[in-house]
Amino acid sequence: MSGAPHCMHTNGRPGGWLLLPVAPRSNARSRHGDPGVSTPCACGTQPASPAMLPHEALEHLRTVMESGAVVNTVGVAGPGDPFAVPHRTLETLHLVRAAYPHITLCVTTNGLGVASHVAALTELGVGHVTLLMDAVDPELVDTLYAWIRPGTRTLRPGEGAALLVDEQAVALAALVRAGIEVTVCVTVYPGINDAHVGDIAAAAKVLGASGIYVLPFVPADAAAGPVPAADAATMDAARNAAAAFLPVLDASARDGLPVARRTGMGCGEPVAVTAGSGLPLPGGNRPYVAVASSDGFEVDEHLGHARQFLVYGPKDGPQTGSMASSMTGPVELLGVRPAPPAGSGDARWEALAAVLSDCAYLLVSSAGQRPVECLAGKGLRVIQTEDNIEGLVDVLYGGGKKGKNRGKGRTV
């Protein structure tokens with residue numbers, strides 16, 4: 001009942017699969033807190049937050065390629081949906097295509113807003129799209145999703161569900177007509193859509209899908225919540241129902257899965273900062289971390305409202321030309337720097353980038369998309385989070401104390 005995911009190989013050549021998480025926002029949110037697929041992505045980890053900017057994604061790909069790794073397939077997926085902010089996705093695909101003309105390109109999406117970009121995807125040579133489709137019945141969609149937001153407005157229950165079902169069908173058909181291969185990925189929620197998987201597969205077949213992944217819902221806490229983890233019997237029944245219509249693809253192979261199910265956060269929402277987040281350590285010409293805080297304890301200020309920024313770094317300063325691993329002395333609060341005057345558009349963010357030109361990260365509770373992109377273009381990555389300063393700074397410098405030893409946040 002399984003087959004090899006089509007996105008994993010190019011013209012029979014063996015090679016690796018690399019995920020580029022460049023989507024900063026979600027356009028839908030699971031009601032059940034699905035933390036992700038049970039099988040790791042091809043790169044071995046779930047995508048790190050916050051989302052990469054397109055030029056960062058290309059640089060990451062180059063670094064991987066220059067390390068000697070063989071990458072013949074690049075997937076754009078996560079941490080949000082690639083078409084919630086489509087220009088970021090399309091720019092990334094354009095940069096990768098220009099730099100590596102022969103590489104295979106894939107995208108994973110829930111389908112909202114995709115149909116209007118099919119021509120661009122075709123022109124860029126995208127070969128495969130994985131469509132995350134958990135129901136074709138709007139009533140079930142309402143049960144599965146807490147909210148659906150195709151633009152800036154969250155749609156009413158029923159309205160959003162009907163739109164999602166319609167747009168998924170239109171996107172799937174349009175992609176197939178354009179010659180782009182489409183597979184569907186279903187997450188099975190016991191008691192909600194487990195008996196509906198055959199209907200999803202049947203609808204996807206009519207629209208031209210070439211295969212289907214059937215994956216179990218895995219709650220963050222198996223003992224909590226009204227929806228349990230999908231057991232083996234439920235999954236066998238769901239996969240058998242899907243197999244009557246489409247090939248059921250193998251999602252357990254470590255050589256790749258073009259799916260990144262994640263309700264995690266990106267640039268448009270608060271993110272988690274953990275020791276395993278994959279964020280580079282501060283160092284080199286940017287050895288410091290800036291923080292927007294009203295009290296010196298917590299990251300609690302919006303970027304646009306902050307009138308000053310706390311700057312943290314190694315007490316004795318970095319060694320010349322060193323990275324963070326070579327820092328000398330403890331990391332502590334080094335000083336306070338004023339924010340540029342409000343109301344000057346991009347010029348304000350360019351001025352802030354100059355004020356914090358030696359900082360690798362800026363921690364804020366929230367921020368608009370434009371300043372995030374403007375600052376990132378100047379080399380300053382904005383991380384949106386709400387937590388204790390001491391723990392966050394410790395983690396960013398390679399420690400692991402986030403959330404512990406709450407105090408004044410002066411020395412870590």
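What is the handedness of the crossing in which H8 passes H9? It's right-handed, and the legends below walk through that spot and several others in this predicted model.

**View 1. The whole protein, before zooming in.** Start with the overall count: the protein has 10 helices and 13 strands. Of its 412 residues, 53% count as buried. Now look at contacts between residues at least 6 apart in sequence: 74% of them join residues at least 24 apart.

**View 2. Helices H8 and H9 cross at an angle.** Two packed helices are described by the angle between their axes and the distance between those axes. Here, H8 covers residues 346-355 and H9 covers residues 369-377. Their axes come within 9 Å and cross at roughly 45°. H8 and H9 are therefore oblique to each other. On the H8 side, look for Asp-346, Trp-349, Glu-350, Leu-352 and Ala-353, which meet Arg-370, Pro-371, Cys-374 and Leu-375 of H9. Sort the residues of this contact by class and you get six nonpolar, three charged and no polar ones.

**View 3. Helices H6 and H7 run side by side.** Try the same exercise on H6 (197-207) and H7 (residues 232-243). Their axes are 8 Å apart, and the packing angle is about 25°. That makes H6 roughly parallel to H7, because angles under 35 degrees count that way. As for handedness, the crossing of H6 and H7 is right-handed. Val-197, Gly-198 and Ala-201 are the H6 residues to find, and they meet Ala-238, Ala-241 and Ala-242 in H7. This contact has five nonpolar residues, one polar residue and no charged ones.

**View 4. Helix H5 and what its buried residues touch.** H5 takes up residues 159-177, so to speak a run of 19 residues. From its first C-alpha to its last it reaches 27 Å, close to the 27 Å expected at 1.5 Å a residue. Plenty to pick out here: the buried residues of H5 include Gly-160, Ala-161, Leu-164, Val-165 and Gln-168. Further along H5, Ala-171, Leu-172, Ala-173, Ala-174 and Leu-175 are buried too. What do the buried residues of H5 pack against? Their helix partners are H3 (118-123), H4 (138-144) and H6 (197-207). Their strand partners are S5 (126-132), S6 (145-148) and S7 (181-188).

**View 5. Two backbone details to look for.** Most residues other than glycine have a negative phi, and most peptide bonds are trans. With that in mind, check Gly-179, which follows H5 and has a positive phi, near 90°. Then hop over to the peptide bond from Gly-78 to Pro-79, which is cis, with omega near -5°. Pro-79 sits in the loop between strand S3 (71-76) and H2.

**View 6. Helix H2 and its residue His-87.** H2 (residues 86-99) has 14 residues and spans 20 Å from first C-alpha to last, close to the 20 Å expected at 1.5 Å a residue. Its buried residues are Arg-88, Thr-89, Leu-90, Thr-92, Leu-93, Val-96 and Arg-97. His-87 also belongs to helix H2. Why is His-87 called partly exposed? Because its relative accessible area is 44%, which falls between the 20% limit for buried and the 50% limit for exposed. Finally, look for Pro-54: it is 33 residues from His-87 along the chain, yet their C-alpha atoms are separated by 9.5 Å.

Terms used
Residues numbered from 1 in each chain as written. Predicted model: local features only at pLDDT ≥ 70, side-chain atom pairs only at ≥ 80, totals over all residues. Heavy atoms only, no water. Helix = DSSP H or I, 4+ residues; strand = E, 2+ residues; numbered from the N terminus. Expected span 1.5 Å × (residues − 1). Buried < 20%, exposed > 50% of the residue type's maximum accessible area, 1.4 Å probe, protein only. Axes fitted to C-alpha atoms, helices over the stretch in contact; angles between N-to-C directions. Parallel < 35°, antiparallel > 145°, perpendicular 65-115°, else oblique. Left-handed = near helix turned anticlockwise from the far one by under 90°. Contact = heavy atoms within 4.5 Å. Nonpolar A, V, L, I, M, F, W, Y, C, P; charged D, E, K, R; others polar.
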